[in-house]
Amino acid sequence: MDAIMPYNQPPHLNKMDDEQRHRFVQFYRSLDEKPSSTVRFFNHFTAYTVLGKDDIHLISRMVYQSCAQLSEKQPNVFESIPYLTIPKHKFKPVIRQLLLNSNYRVEVYSPRFLYSGWNIEYYGSPSNLLQFEDVLFTTTSSKKLENYKTLSLQICMRNNQRRLGVTIVDQNDCMFHIMEFEDDENYTELKAVFVILAPMECLLPSTEGEYGCVKNLLEQHGIMATVFPKFLIPNDIEDFLHDLNQLLRGSKNQKRITINHFAWRLPMTMEALKMAMEYLRLATDTGSLEQYLMKELDLKGYLRLDFDAAKNLNIFPKSHLSSTSSCILDILDHCVTAQGHRLMSQWVRQPLNCGETLNYRHDIVECFLNSPKILHLLHEGHLKRIPDILLLTKKLRRLKADMQDIYCLYKVIMRLPKIITLLGSLENLAVTKVLCEPLQNCLEQLLFPQLCLEPILDLEAFERGKFLVNLSPDRVLLNLSRRLSYLLEKMQKSQEQTLQELNLENITALKLVNVAYLGYTLIISEKYERVLYQNENYKVLDIYRGKIFFTTPMLSLLNEEFSTLSKQYEQEYNKIVNETIILAAFYTPSLINLNHAIAELDCLLSYAKVAEAEPKKYIRPLILKEGSGQCILEDIEPLWQEMQHHITFIAYNVDFQWDIKSTHMQAVYTIVLMALVGSFVPCKEATISMFNSIANRPRADDHLKVLSTFTEELKVTSGLKNSDGDKPLVIINEAGAKTPYIYGGCETPWSIAENLAKEGKYFAIFAINSN
């Protein structure tokens with residue numbers, strides 16, 4: 001733990017004079033009132049400060065695990081502000097915790113010259129991490145990139161109909177997903193968007209009227225709501241179209257056709273896109289120029305999950321669960337790459353409603369299971385050695401990559417032919433179409449940069465763990481390198497000559513070292529000080545910790561020439577490195593495609609590893625077309641217990657006519673979801689109809705105070721009819737729970753079941769609770 005600062009001697013702020021402190025307090029008090037989800041930092045160059053009682057208690061517990069370091073800023077007797085000082089080395093961990101784990105917004109203010117004023121230097125939020133990427137994500141950081149998406153929303157009421165324009169900005173894949181649709185008063189379609197796309201943050205132009213209802217929905221779904229008023233958005237449509245044109249990639253004609261098409265068909269989404277671009281400041285980010293694609297999103301290809309289904313049926317990990325508990329994502333995610341983990345989380349949210357794509361996934365998993373050697377080679381031998389391509393690509397876009405990143409990408413490209421050869425040896429149509437062809441296309445697109453990089457990279461040095469440029473093709477750099485080596489040899493001979501002059505028996509007593517502020521100097525123990533001062537040829541430069549730094553006339557001349565040549569060498573070397581990075585950055589769209597192809601391969605291999613690793617073998621489910629009305633599951637293996645303690649349980653069948661328990665309902669849901677994301681399932685036999693949605697009505701909550709549980713149950717259940725398409729799987733747990741009289745506990749589920757069966761003809765599973 002850091003040293004505790006005395007209360008009466010607070011650091012950093014007291015380095016300002018009275019006038020500067022007074023101006024600082026005035027600036028702080030002039031700031032707009034911030035929401036509780038925002039934390040403001042003030043940069044003092046050697047440290048940061050946080051002001052305000054709520055923020056300082058939050059950060060103090062985060063940094064020091066106590067509140068003992070709190071102090072007060074008192075420029076005069078009338079003003080006082082509690083504050084906390086944060087050392088500079090603690091700033092990055094705090095930012096990671098706030099943005100990635102705690103869902104806070106962060107604003108950082110820096111002073112102008114001589115503290116004459118303060119300006120906001122950068123800011124971030126859970127989905128807007130652009131200005132903090134260097135802090136949050138590095139090649140050595142354990143924290144990986146996630147699917148950070150920003151949703152922007154516009155609502156228009158026309159003839160009592162709600163028209164919604166939605167734009168989702170995916171800064172990882174550089175995509176603008178846009179869609180426009182009509183919604184009901186419960187915002188059923190919008191809820192489906194929340195679950196399927198999982199945005200981290202939603203932008204709203206206000207909190208009045210319908211936007212207030214949406215803000216409440218966002219809080220229920222755990223999505224941060226950010227109000228971005230319209231007056232902050234420029235009204236000039238030409239500037240917006242110009243900025244959008246700069247962000248999109250493709251030819252001028254392609255950009256013009258795309259923009260005109262969507263601007264005419266989906267005007268509300270353009271307004272939402274304008275708000276998102278202004279909030280994220282994409283137009284001012286040079287790394288985003290000519291990187292984005294715009295695509296209209298169609299959710300009909302996915303099975304829809306309502307919020308209750310996603311929350312209550314154990315799809316994703318919950319923070320209150322112990323480490324031994326499992327969820328569907330834990331069961332399926334055996335990926336070994338960062339991009340695979342991201343895509344698996346997305347696939348679990350987006351079960352398929354397309355029989356062709358689903359059959360392809362099942363065919364590929366079956367093919368891998370029939371070839372265990374190739375499965376092991378791909379999973380353990382190749383994919384484990386592939387880095388996070390997306391992270392490297394983001395560094396290339398902003399020209400912040402280094403030679404180590406270039407080497408990593410080069411090794412990935414060199415590994416692709418081996419992966420493609422292994423996949424081709426399977427001789428499977430689905431493997432060829434879904435995996436081989438995308439990887440082959442990526443290899444062809446990256447062939448030219450591979451040929452350009454080979455003569456630039458020093459592959460021999462790379463094998464020794466050094467990431468250097470090959471000097472052979474550049475004569476200027478090669479000559480400079482040879483000259484520097486020659487000067488270094490002469491300095492070593494000068495060291496030997498000095499050793500003889502001093503008559504030192506111990507050769508290691510005199511060392512030649514390169515000191516940052518002195519250059520190459522000789523170091524000797526302080527006990528030889530008298531000998532050095534007796535010889536006029538020796539010039540003492542510094543004495544530090546019992547060591548004497550000195551030089552000779554010859555060594556001084558050699559060091560001066562070496563320093564001049566080193567600067568020239570560094571300039572030429574950096575020039576080649578920058579050209580190499582610019583060349584690689586030109587192919588970032590191809591690297592994004594490669595990132596997705598590797599992620600898809602990793603996920604399908606993960607499905608095969610799950611089916612192969614379990615004690616009881618998984619089987620391929622038989623998927624019937626929509627409306628078939630069948631769900632036959634025989635000898636279901638209890639997944640949760642078996643994974644936790646490696647205990648063998650007796651398999652059971654689910655009889656949908658009688659004796660349905662909550663455990664059975666969760667097993668049905670889990671197996672249906674696993675089958676529709678492309679995985680095999682733990683059954684002896686599984687015949688499943690294709691559904692277009694899964695709706696879940698959980699048991700009545702005890703905390704509801706506004707309405708009775710009976711009324712709330714009817715209200716929630718009635719929403720199922722309007723929400724989930726015409727071929728849903730409806731799961732209702734403990735229908736009639738807490739009904740105060742015995743007949744009501746039977747009448748309520750009976751009426752619900754009758755209504756769903758006669759009017760909707762839904763495929764439904766009930767668990768009733770009758771007292």
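Q: How many bridges join β16 to strand β17?
A: In this predicted model, strand β17 covers residues 547–551 and runs antiparallel to β16. One facing pair is D542, which stands opposite F549 in β17. The number of bridges that join β16 to β17 is five.

Q: Which strands stand at the edges of the open sheet that holds β16?
A: The sheet has four strands in the order β14-β15-β17-β16, with antiparallel pairing. A strand at the edge has a single partner strand, so one side of it is left without a neighbour in the sheet. Here that describes β14 (511–515) and β16 (539–544).

Q: By how many degrees are neighbouring strands of this sheet turned against each other on average?
A: The strands in question follow the order β14-β15-β17-β16. With direction ignored, the average turn between neighbouring strands is 40 degrees.

Q: What angle does the direction of helix α22 make with that of β15?
A: Let's look at the helices that meet this sheet. Helix α20 (residues 475–502) lies across β14, β15 (519–525) and β17, and runs at about 25 degrees to β15. Helix α22 (residues 553–585) also packs on the sheet, where it touches β14, β15 and β17. The direction of α22 makes an angle with that of β15 of about 140 degrees.

Q: Why is strand β9 described as largely enclosed by the rest of the structure?
A: Strand β9 spans residues 175–183, nine residues in total. A residue counts as buried when its relative accessible area is under 20%. Strand β9 is largely enclosed because the number of its residues that are buried is eight of the nine.

Q: Which residue in the turn of the β8 and β9 hairpin has a positive phi?
A: Strand β8 (residues 161–170) pairs with β9 in the antiparallel sense over nine bridges, and V169 has F176 of β9 as its bridge partner. Four residues lie between the two strands of this hairpin. The one in the turn with a positive phi, about 55 degrees, is C174.

Q: Which residue in β12 does I178 stand opposite?
A: Besides the hairpin, β9 pairs with strand β12 (residues 293–296). This pairing is in the parallel sense and has four bridges. The residue of β12 opposite I178 is E296.

Q: Are α13 and α17 roughly parallel or roughly perpendicular to each other?
A: Two packed helices are described by the angle between their axes and the distance between the axes. For α13 (residues 355–370) and α17 (residues 429–445), the angle is about 110 degrees and the axes are 9 Å apart. Angles of 65 to 115 degrees count as roughly perpendicular. The two helices are therefore roughly perpendicular.

Q: How many charged residues are in the contact of α13 with α17?
A: On the α13 side, the residues making the contact include E356 and D363, while K433 is among those of α17. By class, the contact has eight nonpolar residues and no polar ones. The number of charged residues is three.

Q: How wide is the arc that the buried residues of α2 cover around the axis?
A: In helix α2 (residues 53–63), the buried residues are D55, I56, I59, S60 and V63. They sit on the same side of α2, because the arc they cover is only 125 degrees. On the other side, K53, D54 and R61 are exposed. The arc of the buried group, once more, is 125 degrees.

Q: Is K230 buried or exposed?
A: K230 is in the loop between β11 (224–227) and α7 (237–247), and touches Q154 and P205, leaving aside residues up to four places away in sequence. Exposed residues have over 50% relative accessible area. At 55% relative accessibility, K230 therefore counts as exposed.

Technical notes. Residues are numbered from 1 along each chain as its sequence is written. This is a predicted model: local features need pLDDT of at least 70, side-chain atom pairs count only at pLDDT 80 or more; totals for chains, interfaces and linings use all residues. Side-chain values use heavy atoms; hydrogens and water are left out. Buried means under 20% relative accessible area, exposed over 50%, partly exposed in between (1.4 Å probe, protein chains only). Contact means heavy atoms within 4.5 Å. Axes are lines fitted to C-alpha atoms, for helices over the stretch in contact, and angles run from 0 to 180 degrees between N-to-C directions. Angles under 35 degrees count as roughly parallel, over 145 as roughly antiparallel, 65 to 115 as roughly perpendicular and the rest as oblique. Ala, Val, Leu, Ile, Met, Phe, Trp, Tyr, Cys and Pro count as nonpolar, Asp, Glu, Lys and Arg as charged, and the others, Gly among them, as polar. The arc is that of the directions from the helix axis to the C-beta atoms. Two strands pair if DSSP finds at least two bridges between them.
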